[in-house]
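Here are a few notes to read alongside the model. They start with one pair of helices and then move on to charged pairs.

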Amino acid sequence: MTYAIDPELLPWLDMLPAVTLTDHESLLAARSSMAQLSQVLPAYEPARPVDVRNVSVPGPSDAPDVPVRVYAPANRTAAVPGLLYIHGGGFVMGDLDTFDAHVLRLVDELGIVIVSVDYRLAPEHPFPAPVEDCYAALTWAAAKADELGIDPARLGVAGESAGGGLSAAVALLARDRGGPQLCFQYLGIPELDDRLDTPSMRAYTDTPIWNRPNAVHSWTSYLGAEPGGEDVSPYAAPARATDLAGLPPAFVTTCQFDPLRDEGIAYAQRLAHAGVPVDLRLYPGTFHGSSLVETAAISRRMFADELDALRRGLAC
């Protein structure tokens, strides 16, 4: 198919990582490509001092500790909002370095504490390992709120792509397990539905970076089984949740030429129908991961909207 991609993004298509997930060998190549990308992307130099430290926190029951990276504004004198940040990568790629510059910029711009979680990856560690790692990091952040300088009443969760889906799942777990209390969820281009049956998922088989074949491999790896089965947990695929009432206010972003577009829209609609305050954005001419082209006007708008959403949602 041909796509009406934003003209500012077109020149960059050949320079963006080509992700093709078909088997374990292709996954290893994609992981290497993502690691190389994080090394060549420009570093972010904060305008204000930011303390950054790596910590291992208690993992789920009978599981290893979870590595997290804590970013905090230096020299703060009062408690500030806190955010659990969950990286993207289709459940199978990514680490703490992948979104390091992005997270550092969020801390610098917003003056908040962010706990970025290095959850275990599929297929080596399928569901529920990744989401349970993220929930363990959230419970640690809430329990250590005083030590971290976090206002526990202003604790949220955020992520992109698979991280957006995991953020939605963590919000469901926090509601259903009686805490920690979340004030906000940022679901960036989220991966939410293993049934792979929306119009955008059926149609977009050759879109840049992410497409239907990659999504099939992603879900198969995460679930450890063919996607679309009858007994898939809503904590694996939040679109499966039958009750979305009582979840924290949400900000959901979608890209026009992204197979994940329609499941993000549908989830936002269902949140609104359940009485959850929700703000939904669909960015024209974009594709999954197009925000990597930071100089494009649409990418700058997406980041400005993210800052504004977090500022409002966390009461910064």
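1. First, a caution: what you see is a predicted model. A good place to begin is how α2 passes α9, which is in a right-handed crossing. By class, the residues where α2 touches α9 come to 5 nonpolar, 1 polar and 4 charged.

2. Now the geometry. Two packed helices are described by the angle between their axes and the distance between the axes. Helix α2 covers residues 100-110 and helix α9 covers residues 297-313; they pack at about 55°, with axes 11 Å apart. Angles from 65 to 115 degrees would count as roughly perpendicular and those under 35 as roughly parallel, so α2 and α9 end up oblique to each other.

3. Which residues make this contact? On the α2 side, look for His102, Arg105, Leu106, Glu109 and Leu110. Across from them in α9 are Phe303, Glu306, Leu307, Leu310 and Arg311.

4. Stay with α2 for a moment. Its buried residues are Val103, Leu104, Leu106, Val107, Asp108 and Leu110, and a charged residue, Asp108, is on that list. What do the buried residues of α2 pack against? The answer is β1 (50-57), β2, β3, β4 (113-117) and α9. Just after the helix, Gly111 has a positive phi of about 70°.

5. Before α9 there is a loop that follows β8 (278-287), and Ser290 sits in it. Is Ser290 buried or exposed? Its relative accessible area is 1%, and the cut-off for buried is under 20%, so Ser290 counts as buried. Leaving out residues up to four places away in sequence, Ser290 touches Leu9 and Ser299.

6. On to the charges. Side chains of opposite charge can pair when their charged atoms come close. How many salt bridges does a search of the whole structure find? It finds 18.

7. One of them joins Asp97 and Arg69, with the closest N and O atoms 3.0 Å apart. This pair links distant parts of the chain: Asp97 is in the loop between β3 (80-86) and α2, while Arg69 is in strand β2 (residues 66-73), and the two are 28 residues apart. The partners differ in exposure: Asp97 is partly exposed, at 41% relative accessible area, whereas Arg69 is buried, at 12%.

8. Another salt bridge is between Arg175 and Asp176, where the closest N and O atoms are 2.7 Å apart. Arg175 counts as partly exposed at 26% relative accessibility, and Asp176 also counts as partly exposed, at 38%.

9. Back at α9, Asp279 forms a salt bridge with Arg312, and here the closest N and O atoms are 3.6 Å apart. Since Asp279 belongs to strand β8 and Arg312 to helix α9, the pair ties together parts that are 33 residues apart in sequence. Asp279 is partly exposed, with a relative accessible area of 21%; Arg312 counts as partly exposed too, at 48% relative accessibility.

10. Last, this pair is part of something wider. Asp279 and Arg312 belong to a network of salt bridges that also links Arg281, Asp305 and Asp308. When you go back to the picture, you could trace that network along with the contact of α2 and α9, where Leu106 and Leu110 are among the α2 residues involved.

Conventions
Residues are numbered from 1 along each chain as its sequence is written. This is a predicted model: local features need pLDDT of at least 70, side-chain atom pairs count only at pLDDT 80 or more; totals for chains, interfaces and linings use all residues. Side-chain values use heavy atoms; hydrogens and water are left out. Axes are lines fitted to C-alpha atoms, for helices over the stretch in contact, and angles run from 0 to 180 degrees between N-to-C directions. Helices (H or I, at least four residues) and strands (E, at least two) are DSSP runs, numbered from the N terminus. Angles under 35 degrees count as roughly parallel, over 145 as roughly antiparallel, 65 to 115 as roughly perpendicular and the rest as oblique. A crossing is left-handed if the near helix is turned anticlockwise from the far one by less than a right angle, and right-handed if clockwise. Contact means heavy atoms within 4.5 Å. Ala, Val, Leu, Ile, Met, Phe, Trp, Tyr, Cys and Pro count as nonpolar, Asp, Glu, Lys and Arg as charged, and the others, Gly among them, as polar. Buried means under 20% relative accessible area, exposed over 50%, partly exposed in between (1.4 Å probe, protein chains only). A salt bridge is a side-chain nitrogen of Lys or Arg within 4 Å of a carboxyl oxygen of Asp or Glu.
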